[in-house]
Amino acid sequence: MKQRLITAAVLLCILVPVLIFSDTLFFPVIAAVFCFIAVWEMQHCLGCHKKYAVSIPSYLMAIGLPLGLFLVGGLDGIRVRPFPVYNRALYLLAFAAAFAVYMFYLFAAAVFCRRALSFSEIASSYMTTFYITLAFTAIPFIRYGTHGEYYFLLCFLGAWVTDSFAYFVGYLFGRHKLIPEISPKKTVEGSIGGSVGCVLAFLLFGFFAGKETGQTPNYAVLAGLGFLVSILAQIGDLIASLIKREHEIKDYGKIFPGHGGVMDRFDSVIATTPLLLIVCTLDS
């Protein structure tokens with residue numbers, strides 16, 4: 001527990017400056033680094049890290065797509081310019097096209113390397129690479145969109161508040177197991193507590209953001225969004241646990257002592273970003 005708390009404090013000291021300077025070029029770079037590490041961890045978990053026809057393209061996608069955001073808005077010194085709506089649409093199309101090409105490449109690799117690659121390996125690699133890369137590309141993408149300085153914070157706030165409330169409510173009041181065959185410690189009470197905590201956090205965030213911008217937030221929409229984000233955050237946690245359990249590993253990595261790897265720490269964040277990307281895009 002002491003090690004976990006120390007690591008959490010160190011992570012907080014790193015995260016806060018990153019969020020403060022999120023309008024600079026460092027943010028997409030850090031997103032690309034974390035995306036690469038998460039994909040690298042997943043390739044090792046799946047046993048595909050030495051299947052270079054699969055793993056190397058996955059790493060290139062993980063690095064290239066977050067960094068490609070520089071092409072959307074351009075730079076003003078070290079600051080990234082806000083993304084014009086037209087450029088945002090083009091990049092989303094380019095993202096989809098990149099993964100379409102990647103998909104057909106993997107099909108071809110399975111055909112021509114059929115003795116070295118199984119279809120289940122390329123399918124698992126593709127799904128997880130898309131899942132992770134979408135998230136770590138979406139976070140800076142959201143940041144440089146309309147009201148992005150607020151929306152992107154919800155990626156972290158929703159996931160981590162849900163995790164924290166679920167842990168403490170489950171620890172204090174948990175009696176009924178949620179899905180014990182995937183995550184034995186999670187409880188129904190903890191899950192409900194996580195959702196309630198996330199909704200309250202979104203309402204508080206809306207209140208303070210409204211004070212900052214001088215606008216009146218739609219609290220009903222914020223409450224609904226908070227609830228949906230909390231559900232996705234918990235599903236993301238369970239997805240990561242399911243993959244670990246099926247491949248018989250405890251943690252994805254050891255980069256964060258007491259917390260595991262990037263996938264262990266960001267599993268909930270990764271699951272919530274597609275919804276927030278949709279909300280941010282509709283608000284453009």
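Helices here are DSSP runs of H or I, at least four residues long, numbered from the N terminus. With that in hand, Glu 248 can be placed in the loop between H9 and H10 of this predicted model.

**View 1. Glu 248, a non-glycine residue with a positive phi.** The phi of Glu 248 comes out at about 55 degrees. Is its side of the loop buried or exposed? Glu 248 is exposed, at a relative accessible area of 74%, and that label follows because anything over 50% counts as exposed.

**View 2. His 247, in the loop between H9 and H10.** Here the relative accessible area is 32%, so His 247 goes down as partly exposed. Leaving aside residues up to four places away in sequence, His 247 touches Cys 45 and Leu 46. Pan over to Ala 98 and you'll find its C-alpha 28 Å from that of His 247, with the two positions 149 residues apart along the chain.

**View 3. Helix H6, residues 119-143.** This helix has 25 residues and runs 36 Å from its first C-alpha to its last, close to the 36 Å expected at 1.5 Å a residue. How many of the residues of H6 are buried? The count is 18 of the 25, so H6 is largely enclosed by the rest of the structure.

**View 4. H6 packed with helix H7, residues 148-173.** The axes of the two helices sit 7 Å apart and make an angle of about 150 degrees. H6 and H7 are therefore roughly antiparallel, since the cut-off for that label is over 145 degrees. On the H6 side, the contact uses Ile 139, Ile 142 and Arg 143. H7 brings Gly 148, Glu 149, Tyr 151, Phe 152, Cys 155 and Phe 156. Sorted by type, the contact residues are 6 nonpolar, 1 polar and 2 charged.

**View 5. Thr 273, in helix H10, residues 262-282.** Relative accessibility is 0% for Thr 273, which means that this residue counts as buried. What does Thr 273 touch, not counting residues up to four places away in sequence? The list is Ala 135, Ala 138, Ile 139, Ile 142 and Cys 155. Ile 139, Ile 142 and Cys 155 also turn up in the contact of H6 with H7.

**View 6. Confidence along the protein chain.** The chain averages a pLDDT of 89, and 93% of the residues score at least 70. Helix H9 (residues 219-246) has the highest confidence, at 95. Helix H1 (residues 2-20) has the lowest, with a mean of 65. Where pLDDT is low, the predicted coordinates shouldn't be read in detail.

Methods. Residues numbered from 1 in each chain as written. Predicted model: local features only at pLDDT ≥ 70, side-chain atom pairs only at ≥ 80, totals over all residues. Heavy atoms only, no water. Buried < 20%, exposed > 50% of the residue type's maximum accessible area, 1.4 Å probe, protein only. Contact = heavy atoms within 4.5 Å. Expected span 1.5 Å × (residues − 1). pLDDT = per-residue confidence, 0-100. Axes fitted to C-alpha atoms, helices over the stretch in contact; angles between N-to-C directions. Parallel < 35°, antiparallel > 145°, perpendicular 65-115°, else oblique. Nonpolar A, V, L, I, M, F, W, Y, C, P; charged D, E, K, R; others polar.
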